[in-house]
Amino acid sequence: MGVGDVVQGDCMSRLTVDGDRSLMESTPERRVWCYVQRPIAYEIAGCPKCGLADCDWSEYAHHCWCPKCGIDFIPEHGGIFEGPVPVNASRLLGIDLRRVNLETGAVEEPLDIRVPPVG
Ligand SMILES: [Zn+2]
């Protein structure tokens with residue numbers, strides 16, 4: 001075998017030893033923000049186990065939490081976030097797209113949405 005022949009398994013084991021371990025682990029990343037309303041307000045899928053529609057945001061990113069089953073789960077679909085979000089129409093429907101920063105508790109406007117100044 002020549003020097004240029006790198007076996008992928010070898011590459012992976014070096015990553016495990018030298019690389020950032022946290023990247024190699026399967027623990028879900030922690031949620032740092034959530035939307036101000038509950039997942040059900042955005043029509044995000046409920047618990048796949050018991051079918052409960054009104055679940056909470058999980059402490060893990062991309063997950064929701066079923067208080068009935070006591071499990072974190074990845075919703076089957078992301079409700080209104082599956083497609084382009086009609087921001088103005090959402091507002092009319094009472095959907096609040098602002099986010100709560102879970103570290104500071106501050107409510108933030110979504111980065112990709114520019115709110116024109118009123119007046
Ligand atoms: Zn459940």
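This passage describes the confidence, fold and selected residues of a predicted protein model.

The confidence values are a good place to start. The mean pLDDT of the protein chain is 81, and 71% of the residues reach at least 70. Residues 6-24 fall below a pLDDT of 50, and in the model this stretch makes four contacts beyond near neighbours in sequence. Where pLDDT is low, the predicted coordinates should not be read in detail.

Turning to the overall fold, the protein chain contains three helices and six strands. Their order along the sequence is α-α-β-β-β-β-α-β-β. Of the 119 residues in the protein chain, 7% are buried. Contacts between residues at least 6 apart in sequence include a share of 45% that link residues at least 24 apart.

The strands can be taken sheet by sheet. One open sheet has three strands in the order S2-S3-S4, paired in the antiparallel sense. Its edges are formed by strand S2 (56-57) and strand S4 (71-73); each has a single partner strand, so one side of each lacks a neighbour in the sheet. Strand S3, covering residues 64-66, is joined to S4 by three bridges in an antiparallel arrangement. Within this pairing, cysteine 64 of the chain lies opposite phenylalanine 73 in S4.

Another open sheet of three strands is ordered S1-S5-S6, again with antiparallel pairing. Here S1 and strand S6 (107-108) are the edge strands, each pairing on one side only. Two bridges connect strand S5 (residues 99-101) with S6, and the two run antiparallel. Valine 100 faces valine 107 in S6. As general background for both sheets, strands pair through backbone hydrogen bonds, either parallel or antiparallel.

The nonpolar core comes next. The largest one has five residues, namely Ile44, Cys47, Cys55, Cys64 and Cys66. Cysteine 64, already met opposite phenylalanine 73, has a varied set of partners once its neighbours within four places in sequence are set aside: Pro39, Ile44, Cys55, Asp56, Trp57, Ser58, Phe73 and Pro75. Two of these partners, Ile44 and Cys55, also belong to the largest nonpolar core.

Arginine 38 offers a useful look at the loop between strand S1 (33-35) and S2, where it is located. Because 15 other C-beta atoms lie within 10 Å, arginine 38 is classed as partly exposed. When residues up to four places away in sequence are left out, arginine 38 touches Asp54 and Asp56. Arginine 38 and cysteine 55 are separated by 17 residues in sequence, while their C-alpha atoms are 7.3 Å apart in space.

Finally, two residues have backbone angles that deserve a friendly second glance. Most residues other than glycine have a negative phi. Glutamate 43, by contrast, has a positive phi near 60°. Glutamate 43 sits in the loop between S1 and S2, and it is partly exposed because it has 15 C-beta neighbours inside 10 Å. Histidine 62, also not a glycine, has a positive phi of about 65°. Histidine 62 is placed in the loop between S2 and S3. With 12 other C-beta atoms within 10 Å, histidine 62 is therefore exposed.

Definitions and conventions:
Residues numbered from 1 in each chain as written. Predicted model: local features only at pLDDT ≥ 70, side-chain atom pairs only at ≥ 80, totals over all residues. pLDDT = per-residue confidence, 0-100. Contact = placed C-beta atoms within 7 Å. Helix = DSSP H or I, 4+ residues; strand = E, 2+ residues; numbered from the N terminus. Buried ≥ 20, exposed ≤ 12 C-beta atoms within 10 Å, placed from the backbone. Core = buried A, V, L, I, M, F, W, Y, C linked by C-beta atoms within 7 Å. Pairing = 2+ DSSP bridges.
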